Amino acid sequence: MSVRGGSMPPPPNPAAYFPAPRITLPVGLDILRTYSGAFICLEILFGALVWILIAATRVPLPLLQGWVMFVSVTACFFSILFLGVFLFSYTHRIAVDWNQMDFLFHAATFVFYFGAFLLQAATTSLHNYQLPSNATTLLSDQNYNISIAASIFAFATTLCYGCSTALALRRWKL
């Protein structure tokens, strides 16, 4: 009862302000039994390989390969974070449309990784380019081979993000 003798109004209904999260992916370890979970694991694995291979070479063009490194590290980190949200069932605690979030994350990362793949392939294609100051090539044979492997894994990672984007779009627009 209040001081003036009237009763207090009921507290607001939190469900009116925070709708239940919409998600069709399973949580916990069950996420690893789906195609989306498998693609996320492949994205992390291949993205880490791109990151390691770029770091293992002498970087001849820092602007190009710096962007590839940034995209691969950032995408790997956010993919681990995204998988962790599903593995530890945080999707029930955070009230967002997880199907939409899944699509937006994978679509944006697909675009960035496609650009990173093109830059890595462009760097690899400069193997026989002669520097004007001396007669050496831009990439040594060992760095060229590592750069080829990085390009292949960047392409594989791009494909994984593309497949995840297609699966997420199908789930979101059911």
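UniProt, in an unreviewed entry, lists residues 32-54, 66-91, 103-126 and 146-169 under "transmembrane region". The positions follow the numbering used here, feature names are shortened, and such annotations may be inferred rather than shown by experiment. Two of these spans can be set against the coordinates. Residues 66-91 are 85% helix and 0% strand, with the end C-alpha atoms 33 Å apart. Residues 103-126 are 92% helix and 0% strand, and here the end C-alpha atoms lie 35 Å apart.

The model is predicted; local features need pLDDT of at least 70, side-chain atom pairs count only at pLDDT 80 or more, and totals for chains, interfaces and linings use all residues. Residues are numbered from 1 along each chain as its sequence is written, and side-chain values use heavy atoms, with hydrogens and water left out.

**Overall fold**

The chain has five helices and zero strands, in the order α-α-α-α-α along the sequence. Helices (H or I, at least four residues) and strands (E, at least two) are DSSP runs, numbered from the N terminus. Of the 174 residues, 36% count as buried. Buried means under 20% relative accessible area, exposed over 50%, and partly exposed in between, with a 1.4 Å probe and protein chains only. About 10,400 Å² of the chain is exposed, and carbon and sulfur atoms supply 72% of that area. The areas come from the Shrake-Rupley method with a 1.4 Å probe; for residues, only the protein chains shown count as cover. Among contacts with a separation of 6 or more, 76% join residues 24 or more positions apart, a contact being heavy atoms within 4.5 Å.

**Nonpolar cores**

A nonpolar core is a set of buried Ala, Val, Leu, Ile, Met, Phe, Trp, Tyr and Cys residues joined through side-chain atoms within 4.5 Å. The largest one has 13 residues, and those with the most contacts inside it are Val50, Ile54, Val68, Tyr113 and Ala154. Helices α2 (35-56), α3, α4 and α5 each give two or more residues to this core. The most come from α5, which gives four. A second, separate core has eleven residues, including Ile31, Ile44, Leu83 and Trp98.

Outside its neighbours within four places in sequence, Ile54 is in contact with Val59, Gln65, Val68, Met69, Gln120 and Ala150.

**Two serines of helix α5**

Ser147 lies in helix α5 (residues 141-172) and is buried, because its relative accessibility is 3%. Leaving aside neighbours within four places in sequence, Ser147 is in contact with Thr57, Gln65, Gln120, Thr124 and Leu139.

Ser164 is also placed in helix α5. Its relative accessible area is 3%, so Ser164 is buried as well. With neighbours within four places again left out, Ser164 is in contact with Phe39, Glu43 and His106. Ser164 and Glu43 are 121 residues apart in sequence, yet their C-alpha atoms are 9.3 Å apart.

**Salt bridges**

The whole structure contains two salt bridges. The term means a side-chain nitrogen of Lys or Arg within 4 Å of a carboxyl oxygen of Asp or Glu.

| Pair | N to O distance |
|---|---|
| Arg33 and Asp30 | 2.5 Å |
| Asp102 and Arg171 | 2.2 Å |

The Asp102 and Arg171 pair links distant parts of the chain, with Asp102 in helix α4, Arg171 in helix α5, and their positions 69 residues apart. Asp102 is buried at 2% relative accessible area, and Arg171 is buried at 13%. In the other pair, Arg33 is exposed at 68%, and Asp30 is partly exposed at 38%.

**Cysteines**

A search of the whole structure finds zero disulfides, a disulfide being a pair of cysteine sulfur atoms within 2.5 Å. The cysteine sulfur closest to that of Cys160 is in Cys163, 6.6 Å away, so the gap is too far for a bond. Cys160 is buried, with a relative accessible area of 6%. Cys76 is buried, also with a relative accessible area of 6%.

**A backbone exception**

Most residues other than glycine have a negative phi. Ser89 has a positive phi, near 60 degrees. Ser89 sits in the loop between α3 (62-87) and α4 (98-124) and is partly exposed, at 26% relative accessibility.
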